[in-house]
Amino acid sequence: MHPLYLVPLESGGDRVLCGGKASGLAALLDHGFRVPPGACVTTRAYMDTLASANLNPDEQWARAKHVSETDRERILEEYRTRIASLTLPQEVLQPLESALDTITRAFSHNAAALWAVRSSATNED
């Protein structure tokens, strides 16, 4: 496993690697606040997954930004569709499944425990 594909929430303080939400939760943990357990799938996992499928966001944006709005929407929708069809590589999936198992065991006393998944761009927070 690449060490920067999955980061425990308490180590998620790097906004560029884990995003603002994780960074904020990591700061709360650092200050002693109670935060449910979690893990961050990092931007490195995202970028390496794109690279393994020969998808380059910089090239796509360069292609899309100099065309009409209609063509831009079509190009970006094609790109979104290609990204959505990707399968997570085992280097990401295996540690993620392990982390989810660990979190599930932490809540084994509560069969009604619910999951929350938060996804955001690292630059939107």
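**Salt bridges, cysteines and helix packing**

Reader: Is Arg80 buried, partly exposed or exposed?

Author: Arg80 counts as partly exposed, because its relative accessibility is 43%. Please keep in mind that this is a predicted model.

Reader: Which residue forms a salt bridge with Arg80?

Author: The partner is Glu77, and the closest N and O atoms of the two residues are 3.1 Å apart. Glu77 is also partly exposed, at 41% relative accessibility.

Reader: Where do Arg80 and Glu77 sit relative to one another?

Author: Both belong to helix α5, and because they are three residues apart, about one helical turn separates them. An α-helix has 3.6 residues a turn, so residues three or four places apart point the same way.

Reader: How many salt bridges does the structure hold?

Author: It holds three. Besides the pair just described, the side chains of Glu78 and Arg74 meet in one, at 3.2 Å from N to O. Glu78 and Arg74 are four residues apart in α5, which spans residues 69–84, so about one helical turn lies between them. Glu78 is partly exposed with a relative accessible area of 37%, and Arg74 is partly exposed at 40%.

Reader: Which side chains meet at 3.0 Å, N to O?

Author: Those of Arg44 and Asp48, in a salt bridge. Both residues lie in helix α3, four residues apart, or about one turn of the helix. Arg44 counts as partly exposed, with 35% relative accessibility, and Asp48 is partly exposed as well, with a relative accessible area of 24%.

Reader: Staying with α3, is Thr49 buried or exposed?

Author: Thr49, which is found in helix α3, is buried, because its relative accessible area is 8% and the cut-off for buried is under 20%.

Reader: What is Thr49 in contact with, leaving aside its neighbours within four places in sequence?

Author: Thr49 is in contact with Leu86, Thr87 and Pro89.

Reader: Changing topic: how many disulfides does a search of the whole structure find?

Author: The search finds zero. Cys18 is in no disulfide, and the cysteine sulfur nearest to it, that of Cys40, is 4.2 Å away. The same holds from the other side: Cys40 is in no disulfide, with the sulfur of Cys18 as its nearest, at 4.2 Å.

Reader: Why does a distance of 4.2 Å rule the pair out?

Author: A disulfide here requires cysteine sulfur atoms within 2.5 Å, and the sulfur of Cys40 is 4.2 Å from that of Cys18.

Reader: Are Cys18 and Cys40 buried or exposed?

Author: Cys18 is buried, with a relative accessible area of 13%. Cys40 likewise counts as buried, at 7% relative accessibility.

Reader: Now helix α6: what span should its residues cover, and what do the end C-alpha atoms give?

Author: Helix α6 has 17 residues, 90–106, and at 1.5 Å a residue they should span 24 Å. Its end C-alpha atoms are 24 Å apart, which agrees.

Reader: Which residues of α6 are buried?

Author: They are Val92, Pro95, Leu96, Ala99 and Ile103. These buried residues cover an arc of only 105 degrees around the axis, so they are on the same side of α6.

Reader: What do the buried residues of α6 pack against?

Author: They pack against β1 (6–8), β2 (39–41) and α3 (43–52). Helix α3 has already come up here as the location of Thr49.

Reader: And Gln60: where does it lie, and is it buried or exposed?

Author: Gln60 lies in helix α4, residues 57–64. Gln60 counts as buried, because its relative accessibility is 12%. Apart from neighbours within four places in sequence, its contacts are Ile75 and Tyr79.

Reader: To finish, what is the order of the elements from the N terminus on?

Author: The order is β-α-α-β-α-α-α-α, from six helices and two strands.

Reader: How many residues does the protein have, and what percentage count as buried?

Author: It has 125 residues, of which 23% count as buried. The accessible surface comes to about 8800 Å², and carbon and sulfur atoms account for 55% of that.

Reader: What part of the contacts with a separation of 6 or more comes from residues 24 or more positions apart?

Author: Such residues account for 61% of those contacts.

Terms used: Residues numbered from 1 in each chain as written. Predicted model: local features only at pLDDT ≥ 70, side-chain atom pairs only at ≥ 80, totals over all residues. Heavy atoms only, no water. Expected span 1.5 Å × (residues − 1). Buried < 20%, exposed > 50% of the residue type's maximum accessible area, 1.4 Å probe, protein only. Arc of directions from axis to C-beta. Contact = heavy atoms within 4.5 Å. Salt bridge = Lys/Arg side-chain N within 4 Å of Asp/Glu carboxyl O. Areas by Shrake-Rupley, 256 points an atom, 1.4 Å probe, with all protein chains shown as cover.
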